[in-house]
Amino acid sequence: MLRQRTIKTAVHAIGVGVHSAKKVRMTLRPAGENTGILFTRTDSLKACALKATAHNVCDTTLSTTISHKDLRVSTVEHLMSALWGLGIDNLIVELSSEEVPIMDGSAAPFIYLINTVGVVEQAAAKKYIRIKNEVTVRNGDSFATLKPFAGFKAGYTFVADHPVYNRYPKRAELDFSKASYVDHVSRARSFGLMNELEQAQRMNKCLGSSLENAVGVNDFNVVNPEGLRYNDEFAKHKLLDAIGDLYLLGSPIIGAFNGYKSGHAMNNQLARKLLETQDAFEMVTLNGRDREVVRPILQPASAG
Ligand SMILES: [Zn+2]
């Protein structure tokens, strides 16, 4: 039987919120079986917790924000993506402010942080969402879809007609029984055009954004002196986002994701539509032969 996982001991990080530019202290704490991923705010007077679920998503403008009653947490997607990558089911995420720290704009610092304390298996069986029938959401020519597949694979096509973006691959597709999320996806950073950034900052968004936590693109080049981490870093970051947004389903997916020009809003619409479509999925636990089939994807070696 594949079992649920949490972290061995608490671990801390300090960073800034990419939208608020506020300094934030984050503490990850182990959580009991069947807890899920819970967010708490140490700056909130009310000692309540906010569960990371697709139904708690309240805003998808430039990042994914969850809220319940008056508790609100923004920019959860890169942390959620890292938690999927390490197979973490149960965790308390304590924040001193409204936003998960952006770190370097990718999921890699969260992976590193968790690996410093290690992951521990719990007694209860891990639950997976197995896709039984295709579910698709569309908006104009954009779409996001989940289909049945024995394992987990994800593909994304990033379409933006811009001379710099046009120099790099538009499509990233990985079968996670063959490719490691930690090696091939987790390091892909957020990105954007420098003039889009100025526009966002006029709307009081991206106030903490810099070349330390994003790839900046001007009319001619990638602005960051270090260049890109992967040749297809743009498409891979969109894949990283989708994996994090879909992990708000509460369990890892057994199936195939495909996105075309989709973003946080469509990822959330897809998650909600899946949950509303009774014959589209079933909750399963894995053992015996299944375990061998999906082991490389669903029990990453780096989490041991
Ligand atoms: Zn992102």
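How many bridges pair strand 2 with strand 3, and in which sense do the two strands run? They pair over 6 bridges, in the antiparallel sense. Strand 3 covers residues 23–30. One residue pair fixes the register: I14 has R25 of strand 3 as its bridge partner. The model is predicted, and every value here is computed from it.

## The five-stranded sheet

Strands 2 and 3 belong to an open sheet of 5 strands. The order is 2-3-9-4-5, and the pairing is mixed. Strand 2 (11–16) and strand 5 (50–51) stand at the edges. Each has a single partner strand, so one side of each is left without a neighbour in the sheet. Strands of a sheet pair through backbone hydrogen bonds, either parallel or antiparallel.

A salt bridge also ties into this sheet. The side chains of R29 and E94 meet at 2.8 Å, N to O. R29 sits in strand 3, and E94 sits in strand 9 (residues 91–95). The two residues are 65 apart in the chain, so the pair links distant parts of it.

## Antiparallel pairs and hairpins

Further antiparallel pairs occur along the chain. The table sets out four of them.

| Strand pair | Bridges | Opposed residues |
|---|---|---|
| Strand 6 and strand 7 (residues 65–68) | 2 bridges | V57 and I66 |
| Strand 7 and strand 8 (residues 71–73) | 3 bridges | H68 and L71 |
| Strand 12 (residues 135–139) and strand 13 (residues 142–147) | 5 bridges | R138 and F143 |
| Strand 13 and strand 18 (residues 253–260) | 5 bridges | A144 and G259 |

Three of these pairs are hairpins, each with a residue of positive phi in the turn. Strands 6 and 7 have 5 residues between them, and L62 in that turn has a positive phi of about 70°. Strands 7 and 8 have 2 residues between them. There the turn residue is K69, with a positive phi of about 50°. Strands 12 and 13 also form a hairpin with 2 residues between them. In this turn G140 has a positive phi of about 60°.

Strand 13 takes part in two of the tabulated pairs. It runs antiparallel to strand 12, and it runs antiparallel to strand 18. Strand 7 likewise pairs with strand 6 and with strand 8.

## Two domains and their interface

Where does the chain divide? The domain assignment gives domain 1 (3–125) and domain 2 (128–303). Their C-alpha centres lie 18 Å apart. In contact are 42 residues of domain 1 and 40 residues of domain 2.

How much area do domain 1 and domain 2 bury between them? The figure is about 3,300 Å², with 60% of it on carbon and sulfur atoms. Three residues stand out on the domain 1 side. H19, A54 and W84 supply 21% of the area that domain 1 buries against domain 2, more than any other three residues.

Polar links cross the interface too. The rule finds 22 residue pairs in polar contact between the domains, with both residues at pLDDT 80 or more. Which elements of domain 1 give two or more residues to the side that touches domain 2? They are strand 6 (57–59), helix 1 (77–85), helix 2 (108–117) and strand 10 (119–125). Helix 1 gives the most, with 8 residues. By residue class, this side of domain 1 divides into 21 nonpolar, 15 polar and 6 charged.

Strand 6 therefore appears in two settings: it pairs with strand 7, and it gives residues to the side of domain 1 that touches domain 2.

## Salt bridges

Side chains of opposite charge can pair when their charged atoms come close. The structure holds 13 salt bridges. Across the interface of domain 1 and domain 2 the rule finds 1. D104 and R229 also meet in a salt bridge through their side chains, at 2.9 Å, N to O.

How values were computed:
Residues are numbered from 1 along each chain as its sequence is written. Side-chain values use heavy atoms; hydrogens and water are left out. Domain bounds come from an automatic or database domain assignment. Contact means heavy atoms within 4.5 Å. Buried area is the accessible area (1.4 Å probe) that two parts lose on being put together, summed over both. A salt bridge is a side-chain nitrogen of Lys or Arg within 4 Å of a carboxyl oxygen of Asp or Glu. A polar contact is a pair of N or O atoms within 3.5 Å; within protein, one must be able to donate a hydrogen and the other to accept it, and residues adjacent in sequence count only if both atoms are side-chain atoms. Helices (H or I, at least four residues) and strands (E, at least two) are DSSP runs, numbered from the N terminus. Ala, Val, Leu, Ile, Met, Phe, Trp, Tyr, Cys and Pro count as nonpolar, Asp, Glu, Lys and Arg as charged, and the others, Gly among them, as polar. Two strands pair if DSSP finds at least two bridges between them.
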